[in-house]
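Work through the exercises below with the structure open beside you, and try each task before you read its solution.

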8 protein chains.
Amino acid sequence: MDRPFVDLGFARVDTDREARQGAPEAIYAEGKTPEEIAAIATALLDGGASSVLVTRADEAARAALRSVAADAQEDERARLAWVARETPTPRGVVTIVSGGTSDGPVVREVQVRAELLGTTVVVHRDAGVAGLHRLEPALEDLKRADCVVVVAGWDAALASVVGGLVAAPVIAVPTSTGYGATFGGVSALLAMITSCAAGVAVVNIDDGFGAGTIAARIARQ
Amino acid sequence: MDRPFVDLGFARVDTDREARQGAPEAIYAEGKTPEEIAAIATALLDGGASSVLVTRADEAARAALRSVAADAQEDERARLAWVARETPTPRGVVTIVSGGTSDGPVVREVQVRAELLGTTVVVHRDAGVAGLHRLEPALEDLKRADCVVVVAGWDAALASVVGGLVAAPVIAVPTSTGYGATFGGVSALLAMITSCAAGVAVVNIDDGFGAGTIAARIARQ
Amino acid sequence: MDRPFVDLGFARVDTDREARQGAPEAIYAEGKTPEEIAAIATALLDGGASSVLVTRADEAARAALRSVAADAQEDERARLAWVARETPTPRGVVTIVSGGTSDGPVVREVQVRAELLGTTVVVHRDAGVAGLHRLEPALEDLKRADCVVVVAGWDAALASVVGGLVAAPVIAVPTSTGYGATFGGVSALLAMITSCAAGVAVVNIDDGFGAGTIAARIARQ
Amino acid sequence: MDRPFVDLGFARVDTDREARQGAPEAIYAEGKTPEEIAAIATALLDGGASSVLVTRADEAARAALRSVAADAQEDERARLAWVARETPTPRGVVTIVSGGTSDGPVVREVQVRAELLGTTVVVHRDAGVAGLHRLEPALEDLKRADCVVVVAGWDAALASVVGGLVAAPVIAVPTSTGYGATFGGVSALLAMITSCAAGVAVVNIDDGFGAGTIAARIARQ
Amino acid sequence: MDRPFVDLGFARVDTDREARQGAPEAIYAEGKTPEEIAAIATALLDGGASSVLVTRADEAARAALRSVAADAQEDERARLAWVARETPTPRGVVTIVSGGTSDGPVVREVQVRAELLGTTVVVHRDAGVAGLHRLEPALEDLKRADCVVVVAGWDAALASVVGGLVAAPVIAVPTSTGYGATFGGVSALLAMITSCAAGVAVVNIDDGFGAGTIAARIARQ
Amino acid sequence: MDRPFVDLGFARVDTDREARQGAPEAIYAEGKTPEEIAAIATALLDGGASSVLVTRADEAARAALRSVAADAQEDERARLAWVARETPTPRGVVTIVSGGTSDGPVVREVQVRAELLGTTVVVHRDAGVAGLHRLEPALEDLKRADCVVVVAGWDAALASVVGGLVAAPVIAVPTSTGYGATFGGVSALLAMITSCAAGVAVVNIDDGFGAGTIAARIARQ
Amino acid sequence: MDRPFVDLGFARVDTDREARQGAPEAIYAEGKTPEEIAAIATALLDGGASSVLVTRADEAARAALRSVAADAQEDERARLAWVARETPTPRGVVTIVSGGTSDGPVVREVQVRAELLGTTVVVHRDAGVAGLHRLEPALEDLKRADCVVVVAGWDAALASVVGGLVAAPVIAVPTSTGYGATFGGVSALLAMITSCAAGVAVVNIDDGFGAGTIAARIARQ
Amino acid sequence: MDRPFVDLGFARVDTDREARQGAPEAIYAEGKTPEEIAAIATALLDGGASSVLVTRADEAARAALRSVAADAQEDERARLAWVARETPTPRGVVTIVSGGTSDGPVVREVQVRAELLGTTVVVHRDAGVAGLHRLEPALEDLKRADCVVVVAGWDAALASVVGGLVAAPVIAVPTSTGYGATFGGVSALLAMITSCAAGVAVVNIDDGFGAGTIAARIARQ
Ligand SMILES: Nc1ncnc2c1ncn2[C@@H]1O[C@H](COP(=O)(O)O)[C@@H](O)[C@H]1O
Ligand SMILES: Nc1ncnc2c1ncn2[C@@H]1O[C@H](COP(=O)(O)O)[C@@H](O)[C@H]1O
Ligand SMILES: Nc1ncnc2c1ncn2[C@@H]1O[C@H](COP(=O)(O)O)[C@@H](O)[C@H]1O
Ligand SMILES: Nc1ncnc2c1ncn2[C@@H]1O[C@H](COP(=O)(O)O)[C@@H](O)[C@H]1O
Ligand SMILES: [Mg+2]
Ligand SMILES: [Mg+2]
Ligand SMILES: [Mg+2]
Ligand SMILES: [Mg+2]
Ligand SMILES: [Mg+2]
Ligand SMILES: [Mg+2]
Ligand SMILES: [Mg+2]
Ligand SMILES: [Mg+2]
């Protein structure tokens, strides 16, 4: 168990993660001060991380990253900030399809993470089951994908439709899009995890970060 | 409030229901003795019901109906027994599609009830989303339907796919088919009620009886 | 699957929906910028939609519609904005009854959608079970309805009372009215979906839009 | 805290309860052997209980009571056995109405307990909302009641209808009657506890014993 | 069914309720404009209500009542405003005990409603189970009560302790006091409804209004 | 990480656990064949375990233990079988109190495990809140305890009452005793974990084994 | 949408699935008669399936497969029967680790499916977190895996431990092993889907079939 | 039951608690005015409390304590204020380990309470399972602890890992850290209470106060 990490007192930054698992630790901004975010980001960059990604980042959190890395990029709507240093040469294709316009921020989180980990990402938004013919332009990209990610809220039926069409592994991301009995994404999660299509596996509600991580691992094999 | 009923002590049989609402009272067999079932059936038939339907009927319950009506019919697997007397001349078409083979008994309950209330019923079984091309042979019947009923368990994605294709009102019946996080039909119910396709309305889990009732009302208009 | 849609990048606007299903796509405002709403509305209107409805629309969202359609109308309390162009000549009657005063915005959403799709809508508000005699003035309109919509929160008992009286199909809309164990409309939803009255089908909590859509389909048959 | 009880090792029989609270301890048969039931019953009778009631009692449990009390009575379907010794002279009227035939056993449990505690009980079964005119014959007894008990499963809408009509306190008993989204009585419980009619209070699912206890207390005042 | 009410369009004010059930309709302020509240209050007062109570009333709602009734009273913390006109001469005693200080507003709602309906109310606050000796000063008032109301959040154990001590009927009010697994009062509700003490009945979470209504009915008998 | 275990293929028996944690691995019988149970027990005994305990053991599972250890003891009702070899000399006192008679098997599981781990155990059964004076005889043993274990189903109010009286740490065990809204012990669990008395910690529903383990650890300190 | 299938009336067998998705349709035995199973198996084999797998198969279901395929194999405890015809030459390694002995049947379902789809499968059972050193012998196989599958019930902590160690994609299978608050696998599912280790995706409770399908797809890339 | 308390009307301050249970009453700030907090604090200090702790305290609540005790200390982020008067000489060691940085405020609440009650507290933050080697520096302190407290959100796997390593009693505190299916700490709570490691007991979500109380009781034995 004696692998490296950096002890900041409030955090033990896992600088070993990239060596061990091929993907650097990311920073979950909720519950952290800008100072803490800056310190963790610095520790990761000093530790040689190929990239640093801050998720769920409001303006202050994003500014914290900018303050320690001049080359920081960001996406306000997806609440992301990141630094790309020596990211791996892309290998494999991840195709993302989403059910509706409002799933946009989660789509973006999958995309940024999967690209930072070294994959080519293709995106088809708003191709949900209410108008299934809108999935047509995605068929080619679904076929050539090494991993497919389906992002959908409401009833998440798109995951099963795609899961019944493609030969690649499918990672499903339920989103909190919707109201009433969507229960903040629970109904989508349940539909995806009980999908009648075999070969679909599911991550947490709105967890674009997790989906991007496993999708990149799959696609790069 | 002074409309007719027959008081049997343990039951107040609503012999007025057919006059009032166009569909006779039915008998839910669970928790009733065969004697009670026979007595209620008799009261309904004596009251001029066009049909009597016993649902969730085990062999003893079905025998009870046979004992008071020589013309009783039944379906063991769907746990149904019924008597058709002067059922209305069929008007309108109800098209039923189901997700899988195991939804069979619920499909049958929709069908029997809708036919007893005077509709023409067309059935397409096992056309679920895991192999969507199997829905093709149903497209014609979906288009000509006055009401569409979708019966599905698991993630119930079929309801949204059909709901995004047809112009007729869609009644969705979640079934308890599946295991694990299907939670006895809850996940299907939630997916159907949060369907991204507008114009879908939902009845109780495994409630073929309710679906048949409203479908017939819609189709006969 | 090759039917038309307009690709805006962030949205694939289903301009085919009205031809296919008789009801135009609507715009769910949550999670969309005013610019996106304006662009989708324009695409729909350019595509020949008979009406455009924006739901869950705050002031900015409603202004977005006004900016692209001078003839836009709105209802602030119901958070709606809409444009009525060549809506179908009304056919059939939809009667809406609600349980209490606080259900008003959802009642309005049912009404606007059903009228835009071409029906005559009659409304009786605050006729809940706590004072059942207040339902009396609605009885005539319930009888002549082609479809009845019941809107209720709390225990939603009104749905079953109405469901036991009328011959028309009943669409029930649970609302999030109430506190404590109403759980944001869940208790109402459960009561409606387990209604002891047959022939009641249910849509999502607060989903006036969905109820208006299916009610119009039923009533226009 | 030094009031009497009888210590049997496996049970500390609360022989003081009747003196303290006006109603003797009862015996919940589940999880107890016939020997234990017989011993507790004996302790209660020896302690001067005016009655002993065994609930959820299968044949063995009922036989256990008979073996120690020759004057034991029973109701198989309601799974009850009881001994009535010097029960109080009846005072006050409890009117019970139930939604359907299948609620019978719970109705019976309310009735037996309330009678043993010294009240006059009137029963109207199967007067549910699906055919509301069947409630008519109960109106007189509802008006003259000192306490009303409503027993209902499914959506339990009857509790609110009655709760909006009567001036007496209403105790509502949800039952586990139904299937699917009734969730073993949960939906009925939720509907009753969120009743739009004020002045309704609720006991546990299928808890005729508890309802009978509080109803008798109210009615005897 | 032809009893009086006042139709305001957005509301059908049940001016008959007091005649029918002995307690006037109250006004639930959430989701109503000040104008609507003023109009309903006026209709009730004009209809001869002995009192008008507005619950869940913010400052604007309370001002609305003051604007139509110079004799309006209020309690800001309990979010109540009320007018007492010809309230019944008090009869019977209602004793309220609460678990903790934070249950104060709900205690107050029970008290105001029960007093307006014509009872004498005695209050013992913060007598929860964590320091059970604090219940001692309440014992006398618990014994002489015609109805006991227990108000408690968290685990609501006080309901069972009191339920095991007193001879009067016990109405339990779960409150949303607490955090984490209290789930906004759900755990308290569940504990109260499964109380090991017989003779306890439960109202909705934080529903002081409902508890006050039934408590007054019981106590005045 | 290189500590000993015995690999049986279907199981890796953790023979190191007692050395590491002071308490030997136990055998959970559900889902295991008698042969598997016998083999695991043998491995543990050969590995020098001071005791072996089989929980949730039906007759076949208990026989399996007897077949490999002539000195096996058992308790049929608690579904336990065990072998006591060189158990530690008792140190510290664990006092168990239970709410009702039906909690007996869980009480027994706590007791057997805590005794096997080397403590003196005192038991007071059926001292629940519905008749609180029955707790009196336990007060002395509660005061002298090094750890108190409360076992209760239904509303589990006893945990809070005891938690508000004693100075020792309290371990609470919710049981599945009860019906309806007890939800198999969930309501008890929620009440215990939200106890208004500080210093109460909770184990799984019916988990006498876990409670006995931590109680012994605490009491032996 | 015009791809082949075989219409048996009660089932539309998706003989195209293997061509389309690289994995043949399997047969879920629950709710199907032996005759139906035999007919579907025959249709699949006639359609050229490389293998046929029947899951959740009791003795009658397994016999049905044997009756139509002399080369059928089976595993009684895992409730599986299968026929392997021209399965693909294995490519890639799937390493399965499980938390406990009782997860055995689910482990087996993952293994059989993944092998039938053409992978090499390595299994390490009973390496759960309660004795983490038992994971040591699996480390080598975890490192060389192309896909890792973690099968665990209870709290499913093993998924996160493994998810924090390996570089391969991790598929997590919650099992229904456990009692009380495990809720039939729900707690395991929730723990896995909220895993603090990124790159873990989850399938349905006890769904070895789904895990085997996606694992093979990943490993064969 | 006649032990001392101070009656402030809105509160009955349990000044006896420290004598009775060794730990003074604390003040839960939510739902209390600053005036109430000041009055309760004064009553406790006047009653001789060794310390006063205010939890969930915003700036106003903390100022209230300062206004009555010049020696008040506070921690803004943990929302705590406290006064330490004659706290017991420390006895025993409590070791706290937490899963992530964001669990910081809860860790602090455990620490302050346990120190005020007279223990030595050692803290290791951010040692979660996603990078298990970060637990290494804590091993020594885990071994020498008299009680271990694990604080973790998300899947809370750390509780089981620690629970499988140490010989001391383990108190687990689920936190509300996370999003989506963490459900505000419910998933962590469920994982902890179903831990595969025996000897783990759980307190409420985010309940550092409760954990600190029982941990100090255990450690001081
Ligand atoms: N209030 C509403 N409830 C449910 N669905 C709606 C509502 N308003 C609009 N919609 C539908 O939501 C879809 C838009 O989803 P999106 O692609 O995320 O914009 C459209 O197809 C509408 O038919
Ligand atoms: N705090 C309250 N809790 C529950 N019901 C209330 C409350 N206050 C008023 N009510 C009832 O709510 C009903 C008003 O519903 P609405 O028609 O939506 O205004 C009235 O009949 C009142 O009796
Ligand atoms: N059907 C029932 N529902 C709820 N409580 C009951 C029932 N029958 C008996 N009881 C109560 O259960 C208690 C017995 O609990 P126990 O000590 O486990 O036997 C007695 O105090 C009775 O008052
Ligand atoms: N959006 C996200 N969802 C889930 N996990 C995340 C997310 N962003 C970062 N993480 C992970 O959260 C962990 C940080 O937890 P903490 O110690 O509380 O900062 C890191 O190991 C990240 O890998
Ligand atoms: Mg869209
Ligand atoms: Mg099929
Ligand atoms: Mg009203
Ligand atoms: Mg009936
Ligand atoms: Mg207090
Ligand atoms: Mg007892
Ligand atoms: Mg094991
Ligand atoms: Mg961290």
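Two residues are in contact when heavy atoms of theirs lie within 4.5 Å. Keep in mind throughout that this is a predicted model.

**Exercise 1. The interface of chain E and chain D**

Task: Describe the contact between chain E and chain D, beginning with how many residues each chain gives to it.

Solution: Begin with the count, in which chain E contributes 29 residues and chain D contributes 29 residues. Next comes the area, for the two chains bury about 2,400 Å² between them, with 54% of it on carbon and sulfur atoms. Of the area that chain E buries against chain D, 24% is supplied by E:Ile193, E:Arg217 and E:Gln221, more than by any other three residues. Then look at the interactions: the interface has zero salt bridges, while eleven residue pairs, both at pLDDT 80 or more, are in polar contact. On the side of chain E that touches chain D, at least two residues come from each of α1 (17-21), β10 (170-174), α7 (186-193), β11 (200-202) and α8 (208-219) of chain E. The largest share of that side, six residues, belongs to α8(E). Finally, sorting the residues of this side of chain E by type gives 17 nonpolar, nine polar and three charged.

**Exercise 2. One side of a helix**

Task: Find which residues of helix α3 of chain G are buried, and decide where around the axis they lie.

Solution: Helix α3 of chain G spans residues 59-68, and its buried residues are G:Ala61, G:Arg62, G:Ala64 and G:Leu65. Because these residues cover an arc of only 150° around the axis, they are on the same side of α3(G). The partners come next: the buried residues of α3(G) pack against α2 (34-46), β4 (51-55), β5 (73-75) and β6 (80-84) of chain G.

**Exercise 3. Three salt bridges and their surroundings**

Task: For the pairs F:Asp141 and F:Arg144, G:Asp14 and G:Arg20, and G:Arg66 and G:Glu59, state whether each residue is buried or partly exposed.

Solution: The cut-off needed here is that a residue counts as buried under 20% relative accessible area and as exposed over 50%, with partly exposed in between. In chain F, the side chains of F:Asp141 and F:Arg144 form a salt bridge at 2.9 Å, N to O, and both residues lie in helix α5 (residues 139-144), three residues apart, about one turn of the helix. F:Asp141 has 14% relative accessibility and is therefore buried, whereas F:Arg144, at 44%, is partly exposed. In chain G, the salt bridge of G:Asp14 and G:Arg20 is 3.0 Å, N to O; G:Asp14 is buried at 1%, and G:Arg20 is buried at 11%. The salt bridge of G:Arg66 and G:Glu59 is 2.8 Å, N to O, and here G:Arg66 is partly exposed at 34%, as is G:Glu59 at 42%.

**Exercise 4. A residue in a loop**

Task: Locate D:Thr177, and say whether D:Thr177 is buried or exposed.

Solution: D:Thr177 sits in the loop between β10 (170-174) and α7 (186-193) of chain D. With a relative accessible area of 13%, D:Thr177 is buried. The side chain of D:Thr177 makes a polar contact of 3.0 Å with the side chain of D:Thr175. When neighbours within four places in sequence are left aside, D:Thr177 is in contact with D:Ser102, D:Asp103, D:Gly153, D:Trp154 and D:Thr182.

Note on methods: Residues are numbered from 1 along each chain as its sequence is written. Chains are lettered from A and ligands numbered from 1 in the order in which they are written. This is a predicted model: local features need pLDDT of at least 70, side-chain atom pairs count only at pLDDT 80 or more; totals for chains, interfaces and linings use all residues. Side-chain values use heavy atoms; hydrogens and water are left out. Buried area is the accessible area (1.4 Å probe) that two parts lose on being put together, summed over both. A salt bridge is a side-chain nitrogen of Lys or Arg within 4 Å of a carboxyl oxygen of Asp or Glu. A polar contact is a pair of N or O atoms within 3.5 Å; within protein, one must be able to donate a hydrogen and the other to accept it, and residues adjacent in sequence count only if both atoms are side-chain atoms. Helices (H or I, at least four residues) and strands (E, at least two) are DSSP runs, numbered from the N terminus. Ala, Val, Leu, Ile, Met, Phe, Trp, Tyr, Cys and Pro count as nonpolar, Asp, Glu, Lys and Arg as charged, and the others, Gly among them, as polar. Buried means under 20% relative accessible area, exposed over 50%, partly exposed in between (1.4 Å probe, protein chains only). The arc is that of the directions from the helix axis to the C-beta atoms.
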